[in-house]
Structures are given as structure tokens and as C-alpha cells.
Amino acid sequence: MATKSNSKVGLDKCCNFMRQFREKDSRELKKLTANQFMEVWSHYDKDGNGYIEGNELDSFLREFVSSVNATDVGPEVVSDSMLAELKECFMEAYDDNQDGRIEIRELAQLLPMEENFLLLFRFDNPLDSSVEFMKIWREYDQDNSGYIEADELKNFLRDLLKEAKKECEVSEDKLIEYTDTLLQIFDTNKDGKLQLSEMAKLLPVRENFLCRSVFKTYQGCTSFTQGASKLTKEDIERVFALYDRDKNGTIENEELRGFLKDLLELVKKDYDEQDLQDFQETIMRGCDYNRDGKINKKELTMILLALARHSQDEEIGNLDV
């Protein structure tokens with residue numbers, strides 16, 4: 001009898017993976033633990049590319065809806081026309097970056113989760129800028145290895161939760177669970193630690209200022225305005241004010257690294273501390289005219305104008321192709 005029962009559970013999960021996460025009587029979704037959330041993500045992100053898309057997304061939506069039924073009903077109860085309408089409404093509500101697929105932060109907004117784990121995604125409290133991000137990076141990369149390792153990540157999560165919920169102490173076991181789960185989610189190269197670009201996905205800034213529409217061409221945020229002539233004095237003033245946080249007239253230290261991180265993200269998706277350091281040396285060698293290791297307003301202007309001209313050349317090259 002036990003074998004039959006276990007087979008039934010296995011079959012039930014096979015037919016509709018989402019049904020196990022609904023309350024038996026009310027059919028509402030249960031609050032998922034960090035591990036359960038990761039189970040759902042891993043089940044539907046079958047190719048492990050960090051997105052639920054295409055057939056994966058269709059499968060998730062069909063099972064999400066049909067799991068309301070307590071009986072063993074397959075996903076075929078959702079017709080193609082119903083699926084198309086459902087997908088349109090779903091993507092409008094949850095596909096924040098409008099790329100036609102669901103990433104893990106977007107799924108976290110849909111599924112109910114235990115409050116502490118949900119807080120770690122910082123939906124309501126993104127960082128103001130990459131300058132703030134680089135200060136946090138320096139604080140928690142305590143051994144200066146260029147990575148946030150598991151123990152350092154756990155310390156960061158402990159402080160983050162303590163700040164968000166001052167009256168509650170999170171247990172060590174829960175912190176370990178959160179750390180392991182977030183490493184599974186954000187450690188895309190699976191080396192057991194977070195490099196800069198991976199940590200940036202866990203701890204996003206409100207916006208990369210250099211991706212604003214005033215700095216874009218039709219190609220997206222890999223280029224500045226349609227020619228250097230469109231880059232105004234006011235644009236440069238805004239960029240300088242964003243990064244010169246202490247208003248001392250230069251961009252330096254974490255301000256400089258924050259600016260260079262935003263600049264690097266325009267051309268490189270995956271990057272680590274060494275990439276940022278190499279990028280800094282290249283930029284400063286060409287643009288730090290007074291060799292003080294800082295960027296003043298004139299030097300920033302030269303960087304932005306040079307990038308605008310480079311982007312314009314790329315655009316012309318693409319048109320020629």
C-alpha cells in the first residue's frame with residue numbers, strides 16, 4: 001500500500017508540480033520557504049539559463065492555473081486561447097523589464113513567500129546608486145578577495161534582515177538556508193561565491209543612470225545620444241552630481257568605482273573585480289590628464305564625449321552591414 005501511495009504522490013507532482021504548494025481546502029498558494037521557492041524555479045527553468053521562457057513559461061502558467069483543481073487534472077484544461085490571454089495579462093503585471101520572459105526576481109513577486117526571504121529581494125528599497133553598491137561591496141568583501149564568499153554573504157544577509165526587521169532575530173539555520181538558496185539563484189558560474197555582476201543582481205540599484213533615454217540610441221543602453229553634439233552641459237552636470245556624492249568636485253574612491261561599474265555594465269554583462277580594475281586602469285590611463293587618480297568634471301566630459309563618438313561609429317558600422 002505504501003508503494004502505491006508514494007507512486008500516487010510522484011504521479012501527482014509529475015502531472016502538476018504546483019499543486020503540492022496549494023492549501024488542501026482553500027486551494028490558495030502556501031507561503032513558500034526559500035528551499036521550496038528554489039524547487040519551483042529549478043523545475044520550470046529547465047535549461048538553467050536564469051529565465052522561465054517559451055515552453056517553460058507556457059508549462060508554468062498552465063500548471064499554475066490548473067493547480068487550483070484538487071483533482072488530478074492535467075495542464076490541458078487550459079486551452080491555447082486561454083493561455084494566450086493569461087500570458088498577456090501575466091506578463092503585463094510581472095514582466096517588469098518587458099523582455100517577454102520571467103526572471104527570478106519577477107517570479108518572487110508572484111509567489112507568496114516567507115516574509116524574511118522576500119525582504120532579501122529588496123523590491124521596495126533598491127540602492128540609490130552604484131556608489132552605494134561599491135561601499136557595501138568593500139564592507140562585506142572582508143578578505144579583499146574580489147568575491148563575496150558564503151560566510152561574507154551570510155553576514156550581509158544577517159545585517160540586511162536586522163535593518164529591515166529590528167525586532168526579530170533570524171536563526172542561524174535560516175540564515176544558512178537563505179545563503180545557500182541565494183547562491184543557487186545568483187551564482188551563475190557555480191563557483192560557490194558571488195562576483196561583482198552576480199552581487200549586482202542580488203543587490204540592484206534603482207537605475208543605471210547611464211541607461212537613461214537621453215543617453216540612448218535605437219540600439220539600447222549600450223550607447224549615448226545620437227552623436228556627441230547632443231550631449232549637453234546639463235547632461236554632464238547631472239552625471240557628475242550623481243557620482244560626486246560628497247560634492248568635493250572630484251569623482252574618487254567608491255564614487256569612481258561606482259561610475260566605472262555603471263560604465264562597464266553598458267558593454268559587459270558578466271564581470272568581476274579584476275574586470276573592473278582592468279577597466280579602471282584603461283579609462284584612467286586615457287582620461288586622467290592630471291594623474292591624480294580621480295575624475296574631475298572636465299575629464300568626465302572627455303569620457304562621455306569619447307563614448308558618444310564611439311557609439312556613433314558603431315551605429316554607422318551596423319547600418320553599413
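In this predicted model, Lys 247 sits in the loop that runs between α11 (233–243) and α12 (253–265). Its phi is positive, at about 55°, although Lys 247 is not a glycine, and with 64% relative accessibility the residue counts as exposed, because the threshold for that class is over 50%. A second lysine can be read alongside it: Lys 190 belongs to the loop between α9 and β4 (193–194), and its phi, near 55°, is likewise a positive value in a residue other than glycine. At 56% relative accessibility, Lys 190 also counts as exposed. As background to both cases, most residues other than glycine have a negative phi.

From these two loops one can step back to the protein as a whole, which has 14 helices and four strands. Of its 321 residues, 46% are buried. Taking the contacts between residues at least 6 apart in sequence, 59% join residues that are at least 24 apart.

The interior can be approached through the largest nonpolar core, which has 84 residues, and in which the residues with the most contacts inside the core are Phe 37, Phe 60, Leu 107, Phe 117, Phe 133, Phe 259 and Leu 263. In general, nonpolar side chains in soluble globular proteins tend to be buried together. For one of these residues, Phe 117, the partners can be listed: with residues up to four places away in sequence not counted, Phe 117 touches Ala 34, Phe 37, Tyr 178, Thr 181, Leu 182 and Ile 185.

Ala 34 appears again among the contacts of Glu 177, which touches Thr 33, Ala 34 and Asn 35 when residues up to four places away in sequence are left out. Glu 177 is found in helix α9 (residues 172–186), and its relative accessible area of 15% makes it buried, because that class covers values under 20%. The side chain of this glutamate reaches the backbone nitrogen of Asn 35 at 3.3 Å.

A second buried site with a polar contact lies in helix α7 (residues 130–140), where Ser 130 has its place. Ser 130 is buried, with a relative accessible area of 0%, and its side chain makes a polar contact with the side chain of Lys 261 at 3.0 Å. Apart from neighbours within four places in sequence, Ser 130 is in contact with Val 205, Gly 258, Lys 261 and Asp 262.

Phe 60, named above in the core, also takes part in a contact between two helices. The axes of helix α3 (residues 55–66) and helix α4 (residues 80–94) come within 10 Å and cross at roughly 100°, and because angles of 65 to 115 degrees count as roughly perpendicular, α3 and α4 are described as roughly perpendicular to each other. On the side of α3, the contact is made by Leu 57, Asp 58, Phe 60, Leu 61, Arg 62 and Val 65, while α4 contributes Asp 80, Leu 83, Leu 86, Lys 87, Phe 90 and Met 91. By character, the residues of this contact divide into eight nonpolar, no polar and four charged.

Finally, Gly 54 is found in the loop between β1 (51–52) and α3. This glycine is partly exposed, with a relative accessible area of 42%. Its C-alpha atom is separated by 9.9 Å from that of Ile 102, although the two residues are 48 residues apart along the chain.

Notes. Residues are numbered from 1 along each chain as its sequence is written. This is a predicted model: local features need pLDDT of at least 70, side-chain atom pairs count only at pLDDT 80 or more; totals for chains, interfaces and linings use all residues. Side-chain values use heavy atoms; hydrogens and water are left out. Buried means under 20% relative accessible area, exposed over 50%, partly exposed in between (1.4 Å probe, protein chains only). A polar contact is a pair of N or O atoms within 3.5 Å; within protein, one must be able to donate a hydrogen and the other to accept it, and residues adjacent in sequence count only if both atoms are side-chain atoms. Contact means heavy atoms within 4.5 Å. Axes are lines fitted to C-alpha atoms, for helices over the stretch in contact, and angles run from 0 to 180 degrees between N-to-C directions. Angles under 35 degrees count as roughly parallel, over 145 as roughly antiparallel, 65 to 115 as roughly perpendicular and the rest as oblique. Ala, Val, Leu, Ile, Met, Phe, Trp, Tyr, Cys and Pro count as nonpolar, Asp, Glu, Lys and Arg as charged, and the others, Gly among them, as polar. A nonpolar core is a set of buried Ala, Val, Leu, Ile, Met, Phe, Trp, Tyr and Cys residues joined through side-chain atoms within 4.5 Å.
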